[in-house]
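Biologist: Could you take one part of this model and walk me through it closely? I'd like a connected story rather than a list.

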Amino acid sequence: MKLTLHIWRQKNANQTGSMVQYEHANVNPHMSFLEMLDVLNEELIAKGEEPVAFDHDCREGICGSCGFMVNGVAHGPQSATTICQLHMRHFKEGAVLYLEPWRAKAFPVVRDLVVDRSAFDRIIASGGYIGVSTGSAQDGNTLPVPKRNADLAMDAAACIGCGACVAACPNAAAALFTGAKISHLGLIPQGQPERHQRALNMVAQVKQELFGSCTNIGECEAVCPKEIKIEVIARMNRDYLKASWTERGYSARAED
């Protein structure tokens with residue numbers, strides 16, 4: 001296969017970047033997208049040019065390290081697929097592809113297609129954990145969890161923190177990511193003692209990181225490689241609202 005690649009090249013966050021065109025003629029349809037870039041980089045190195053920087057780790061769609069825009073779509077055109085699991089057979093001979101880093105002020109460019117997503121780490125550190133002492137692991141039947149809650153918690157816990165939701169959102173909101181992290185803990189018994197304070201703390205950190213506000217456009221759900229549902233945002237909002245009203249001395253009712 002032959003491809004024309006327009007790739008965003010930027011040396012660091014302080015320098016202006018630009019699109020650079022590459023003609024790539026050594027593409028095997030069975031390659032993953034990142035393997036295709038590996039081959040391109042080998043050719044660039046052989047010519048004495050700088051290779052294209054991109055993030056990756058497991059290359060199995062698990063870690064959430066990889067990710068960039070392909071023709072304006074986070075992780076590329078294949079739904080429910082990370083860029084490392086996207087294969088070149090999904091593209092046609094002679095395709096023209098535009099590769100750009102995640103688009104968000106809260107994700108500053110480090111180099112080329114690599115962005116700094118440490119803002120997500122700080123959101124987790126602000127409350128995305130269970131801090132109460134729960135002792136050693138209990139038998140699985142000791143704390144019964146309704147199946148609906150267990151299923152919803154597992155669905156939310158599937159979030160890998162790749163940042164595609166932020167990149168796709170016109171507002172660069174982190175609501176789907178934060179909602180997933182709040183939901184998967186708030187739906188299990190161990191997460192109940194800190195449930196509402198967790199929502200307060202994590203939403204406050206989201207604002208501090210300068211992510212945009214959610215306006216329920218739904219682009220986040222559309223590009224999520226783990227198909228996290230937008231309902232986690234509603235669950236986050238209910239927990240946050242109840243916690244806010246409680247702090248102000250009002251009573252509030254929030255459905256689970």
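Modeller: One cut-off before we start: buried means under 20% relative accessible area, exposed means over 50%, and partly exposed is what lies in between. Keep in mind too that this is a predicted model.

Let's zoom in on backbone angles in two loops. Ala-80 sits in the loop between β4 (73-74) and β5. With a relative accessible area of 35%, Ala-80 falls between those two limits, so it counts as partly exposed. Its phi is near 55°, a positive value in a residue other than glycine. That deserves a second look because most residues other than glycine have a negative phi.

Asp-112 has a positive phi as well, near 50°, and again the residue is not glycine. You'll find Asp-112 in the loop between β6 (109-111) and β7 (114-115). Here the relative accessibility is 2%, so Asp-112 counts as buried.

Now follow the loop of Ala-80 on into β5, which spans residues 96-100 and holds Tyr-98. Tyr-98 is partly exposed, at 36% relative accessible area. On the surface, Tyr-98 joins Met-19 and Val-96 in a nonpolar patch, and together the three have about 230 Å² of accessible area.

Val-96 also leads us to another strand, since Val-96 is among the contacts of Thr-4. Thr-4 belongs to β1, residues 3-9. Setting aside neighbours within four places in sequence, Thr-4 touches Ala-95, Val-96 and Leu-97, and also Gln-21, Tyr-22 and Glu-23. With Glu-23 there is something specific to point at: the two side chains are joined by a polar contact of 3.0 Å. As for cover, Thr-4 has a relative accessible area of 14%, so it is buried.

If you want to see burial laid out along a helix, go to α3, residues 147-157, where Asn-149, Leu-152, Ala-153 and Ala-156 are buried. They share one side of α3, because they cover an arc of only 100° around the axis. The spacing rule behind this kind of pattern is simple: an α-helix has 3.6 residues a turn, so residues three or four places apart point the same way. Look at the other side of α3 and you get Lys-147 and Met-154, both exposed.

So, back to the loops where we began: Asp-112 is buried at 2%, while Ala-80 is partly exposed at 35%.

Notes
Residues are numbered from 1 along each chain as its sequence is written. This is a predicted model: local features need pLDDT of at least 70, side-chain atom pairs count only at pLDDT 80 or more; totals for chains, interfaces and linings use all residues. Side-chain values use heavy atoms; hydrogens and water are left out. Helices (H or I, at least four residues) and strands (E, at least two) are DSSP runs, numbered from the N terminus. Buried means under 20% relative accessible area, exposed over 50%, partly exposed in between (1.4 Å probe, protein chains only). A polar contact is a pair of N or O atoms within 3.5 Å; within protein, one must be able to donate a hydrogen and the other to accept it, and residues adjacent in sequence count only if both atoms are side-chain atoms. Contact means heavy atoms within 4.5 Å. Patches are made of residues with over 30% relative accessible area and no salt bridge: like charges are joined within 9 Å, nonpolar side chains (Val, Leu, Ile, Met, Phe, Trp, Tyr) within 5 Å. Accessible areas come from the Shrake-Rupley method with a 1.4 Å probe; for residues, only the protein chains shown count as cover. A salt bridge is a side-chain nitrogen of Lys or Arg within 4 Å of a carboxyl oxygen of Asp or Glu. The arc is that of the directions from the helix axis to the C-beta atoms.
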